Amino acid sequence: MNIIRKIVRHSEYTAEMVIENPSIARSARAGHFVMVRFTPDCPRIPFTIVDASPADGTFTIIIHKGARLADLIGSLHEDYRIGDVLGPLGQAFEIRNYGTVVCCGDGVGFVPIIPVIKALKQAGNRVVTILSEFTSETSCLRANVEPYSDVILHSSEEMATLELIDRVLTDEKVDLTVITGPTPMMKAIAECTRVRQIPTRCILNMVMLDGVGLCGICRVMVDGKRMLTCIDGPVFDAHHVDFDQLQNRQRHFV
Ligand SMILES: Cc1cc2nc3c(=O)[nH]c(=O)nc-3n(C[C@H](O)[C@H](O)[C@H](O)COP(=O)(O)OP(=O)(O)OC[C@H]3O[C@@H](n4cnc5c(N)ncnc54)[C@H](O)[C@@H]3O)c2cc1C
Ligand code: FES
């Protein structure tokens, strides 16, 4: 249980791990995450369940650009038994055939959107993936979404993510937008889709302590109500999230 069966290091800061845990593998859905404490000295950190194989009793996580986790990533190896893995946690993403879905993620924020892209494609959607901040460091993530994306676009310095998404929304009829990444970017995209009346879900990346609703650190205001990202999220209606309040709270933990 909780044994690392496979580890692929894409860079010093990015590693993909297949972890044995039959119970998590059986119940994981797109949108779920796990709280992992790799060593007794480590805090519990949330990681998205990127993939799961009930047949093998395993699930996959990707630690991406975990700059302060570099030493930890270097010390982990196959057959290592992780002390503490809690999950699956959070609410699953509502997967159905929406039509055309634009999925946009940035840097670290891109990992939580990977299982959603896969599940939306398998449900019959046309998926347009926007991978912002495309560099050699993020290119390893492309392989995870390529088979499930009808189109993959990269933003660059010349064409910022917001401009790119605006162009896509102008060029085609979009039925749903899914966004992750830095809060200012999500806020700007949510404004852009609100004007166009396109339903938009955001996947929030909050600091978490317990992951089960006890500490309140991951709270966020949604539609004027106090919600917990670990219990009620991490997926929310982006047109109802108070991104200003969220940004203020996140500043406390930088
Ligand atoms: C629901 C959810 C799913 C996520 N899924 C992924 C994923 O699949 N892959 C991924 O790489 N990242 C994911 N994150 C972000 C991840 O939890 C960390 O923010 C990130 O990996 C830490 O990177 P860092 O070492 O650069 O730490 P920094 O951001 O520099 O933070 C320093 C230290 O603070 C602690 N810390 C940072 N963020 C958190 C956090 N959210 N909760 C508790 N402690 C934290 C860690 O000890 C970290 O080393 C997710 C976050 C959430 C809320
Ligand atoms: S992490 Fe403690 S309430 Fe969500």
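Helices (H or I, at least four residues) and strands (E, at least two) are taken here as DSSP runs and numbered from the N terminus. With that naming in hand, C215 turns up in the loop between β12 (200–203) and β13 (219–222). The coordinates belong to a predicted model, and everything below should be read with that in mind.

C215 is worth a second look thanks to its annotation. In an unreviewed entry, UniProt lists C215, C218 and C230 under "binding site". These three cysteines are spread over 16 residues of sequence, yet they cluster in space, with a largest C-alpha distance of 10.3 Å.

Stepping back to the whole chain, the domain assignment splits it into domain 1, covering 3–89, and domain 2, covering 100–251. Taken over C-alpha atoms, the centres of the two domains sit 22 Å apart. How do they meet? On one side, 19 residues of domain 1 make contact, and on the other, 23 residues of domain 2. The size of an interface is often given as the accessible area lost when the parts come together. For domain 1 and domain 2 that figure is about 1700 Å², with 67% of it on carbon and sulfur atoms.

Charged and polar links across this boundary can be counted too. There is 1 salt bridge between domain 1 and domain 2, and K118 and D51 form a salt bridge with their closest N and O atoms 3.0 Å apart. The count of residue pairs in polar contact between the two domains is 1, with both residues at pLDDT 80 or more. On the domain 1 side, the elements giving two or more residues to the surface that touches domain 2 are β2 (14–20), β3 (33–37), β4 (45–48) and β7 (84–89). Sorted by type, the residues on that side come out as 10 nonpolar, 5 polar and 4 charged.

Strand β7 also carries a backbone oddity. P88 is found in this strand, and the peptide bond joining G87 and P88 is cis, with omega at about -5°. A cis bond also runs from G233 to P234, where omega is near 10°. P234 lies in the loop between α7 (229–232) and β15 (235–237). Another backbone feature belongs to Q197, a residue other than glycine whose phi is positive, near 60°. Q197 is placed in the loop between α6 (183–195) and β12, and β12 is also the strand before the loop that holds C215.

Across the whole structure, the search for salt bridges returns 13. One of the pairs found is R5 with E20, whose closest N and O atoms are 2.6 Å apart. R5 belongs to strand β1 (residues 3–11) and E20 to strand β2, so this pair ties together parts that are 15 residues apart in sequence. Strand β2 is also among the elements on the side of domain 1 that touches domain 2.

Two further residues show how the fold brings separate stretches of sequence together. S53 lies in strand β5, residues 51–53. Leaving out residues up to four places away in sequence, S53 touches A25 and T58. S53 and N21 are 32 residues apart in sequence, and their C-alpha atoms are 9.8 Å apart in space.

The other residue is P112, which sits in the loop between β8 (100–106) and α3 (114–122). Which residues does P112 contact, leaving aside its neighbours within four places in sequence? The contacts are with T48 and I203. P112 and G181 are 69 residues apart in sequence, with a C-alpha to C-alpha distance of 9.2 Å.

Note on methods
Residues are numbered from 1 along each chain as its sequence is written. Chains are lettered from A and ligands numbered from 1 in the order in which they are written. This is a predicted model: local features need pLDDT of at least 70, side-chain atom pairs count only at pLDDT 80 or more; totals for chains, interfaces and linings use all residues. Side-chain values use heavy atoms; hydrogens and water are left out. Domain bounds come from an automatic or database domain assignment. Contact means heavy atoms within 4.5 Å. Buried area is the accessible area (1.4 Å probe) that two parts lose on being put together, summed over both. A salt bridge is a side-chain nitrogen of Lys or Arg within 4 Å of a carboxyl oxygen of Asp or Glu. A polar contact is a pair of N or O atoms within 3.5 Å; within protein, one must be able to donate a hydrogen and the other to accept it, and residues adjacent in sequence count only if both atoms are side-chain atoms. Ala, Val, Leu, Ile, Met, Phe, Trp, Tyr, Cys and Pro count as nonpolar, Asp, Glu, Lys and Arg as charged, and the others, Gly among them, as polar. UniProt positions are given in the numbering used here, feature names are shortened, and annotations may be inferred rather than shown by experiment.
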